[in-house]
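Me: Got a model to go through. Can you walk me through it?

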Number of protein chains: 2
Amino acid sequence: MTTSAAPLPEEISHTTSQEISEEDFLRLDRQICFSLHAASRAFNSVYRVALKDLRITYPQYLVMLVLWEQGELPVKKLGEHLRLDSGTLSPLLKRLEAAGLVRRERSPRDERSVEVRLTDEGTALRERALAVPRRIVAATALDIEEIRDLRDRLNRLTTALDEAALETPAP
Amino acid sequence: MTTSAAPLPEEISHTTSQEISEEDFLRLDRQICFSLHAASRAFNSVYRVALKDLRITYPQYLVMLVLWEQGELPVKKLGEHLRLDSGTLSPLLKRLEAAGLVRRERSPRDERSVEVRLTDEGTALRERALAVPRRIVAATALDIEEIRDLRDRLNRLTTALDEAALETPAP
DNA sequence: CACAATTCAATTGTCTACAACTAAATGATG
DNA sequence: CATCATTTAGTTGTAGACAATTGAATTGTG
């Protein structure tokens with residue numbers, strides 16, 4: 001137990017954690033961890049149900065959303081949009097190809113690159129996917145404004161977390 | 001294409017989606033999906049860095065948090081706290097046991113149940129873990145009040161999503 | 001032009017997450 | 001008391017995520 005009365009000056013100088021003990025922090029951490037982890041999985045679960053008819057998973061849906069919006073694009077670009085690397089995308093795209101939704105072809109002008117494009121079947125799937133978002137929005141029990149607000153908060157949070165990760169790569 | 005001019009009455013009656021097209025919904029869905037997925041992974045990433053010294057993963061940390069707070073408890077209870085099933089917990093606990101942080105013993109009074117308890121090493125790890133939450137909180141660039149607010153929002157969201165999942169198990 | 005550095009996709013290995021199933025123990029009911 | 005249903009962990013199979021590495025193609029530089 002750290003019962004030392006003197007707070008470390010460099011710790012409290014720029015935070016609002018004046019009278020919060022490490023114990024309280026651990027408790028709050030437990031709560032925010034759980035909440036975030038649970039929310040993420042709950043969302044995943046709702047999408048799983050909503051996407052069952054389309055025979056694709058949630059991450060596969062994310063890929064299709066990008067393709068529907070952007071059209072054909074290389075794996076690299078796809079990864080930048082989704083913040084995913086080839087280790088995740090390669091097998092995922094292979095499964096989408098096996099399902100007949102996309103085609104992968106090496107670019108003729110740069111043989112390192114692989115272009116991902118929708119098949120007719122993949123394009124057609126969009127029509128059926130139009131029913132999904134409404135279901136998700138309804139499931140959140142939030143109205144459009146609250147959802148936009150949540151989106152913005154999450155984006156700011158992600159930006160902050162990314163910056164923090166860059167500042168502390170490996171001490 | 002549903003170009004029918006008449007909106008389906010049961011769709012708009014209890015939502016605020018009056019003038020929002022399916023296309024807009026799809027776009028918003030893309031945004032909220034991405035935001036949530038990205039935030040979840042960014043958090044995961046920050047925890048990964050913060051927990052590297054402790055030699056445990058984020059989900060393993062979640063388990064340890066529960067054990068530090070609750071003491072010894074059966075796998076079942078652990079799963080209820082974390083909303084994880086044995087398919088996830090069994091191998092995870094095996095790894096924590098291999099790392100010398102927990103012990104698993106079948107309960108003498110109910111041989112189906114397996115009690116998970118901290119080893120001395122597992123208990124001791126808590127001291128080092130006390131440094132983690134502050135790092136996480138700092139990384140979010142949010143103050144304590146905002147974090148509590150986020151926690152509450154996420155909890156409400158999870159509750160809503162869970163309820164929606166129950167209402168639509170398989171049509 | 002030749003050689004080194006970089007880029008890109010894919011692979012390997014580890015760790016979740018979850019559905020579906022198995023096996024063992026316990027409880028309930030006729 | 002014997003049989004059936006339920007509870008509890010664990011296993012298997014599939015899919016994501018990510019670090020680390022590989023191999024091929026391209027670019028940059030001397």
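What follows is a short chat about the two chains and the DNA.

Reply: This is a predicted model: local features need pLDDT of at least 70, side-chain atom pairs count only at pLDDT 80 or more, and totals for chains, interfaces and linings use all residues. Residues are numbered from 1 along each chain as its sequence is written, chains are lettered from A and ligands numbered from 1 in the order in which they are written, and side-chain values use heavy atoms, with hydrogens and water left out.

Me: What turn lays chain B on chain A?

Reply: A turn of 180°, with a shift of 0.0 Å along the axis and an RMSD of 0.1 Å. The two copies are thus related as by a two-fold rotation axis. The fit is least squares on C-alpha atoms of residues with pLDDT of at least 70 in both copies.

Me: Which residue of chain B comes closest to that axis?

Reply: B:S40, with its C-alpha at 3.3 Å.

Me: Switching to DNA strand D. Which residues come nearest?

Reply: A:T57, A:R95, B:H37, B:K76 and B:S86, out of 27 around the strand. Near means a heavy atom within 4 Å.

Me: How much of the strand's contacted part is sugar or phosphate?

Reply: 78% of its atoms within 4 Å of the protein; the rest belong to bases.

Me: Which polar contacts are there with phosphate oxygens?

Reply: Among them, a side-chain N or O atom of A:R95 sits 2.4 Å from one. A polar backbone atom of A:E111 is 3.3 Å from a phosphate oxygen. Polar contacts here are pairs of N or O atoms within 3.5 Å.

Me: And what about a base oxygen?

Reply: One is 3.2 Å from a side-chain N or O atom of B:R112.

Notes:
Polar contact = N/O pair within 3.5 Å; in protein donor to acceptor, adjacent residues only side chain to side chain.
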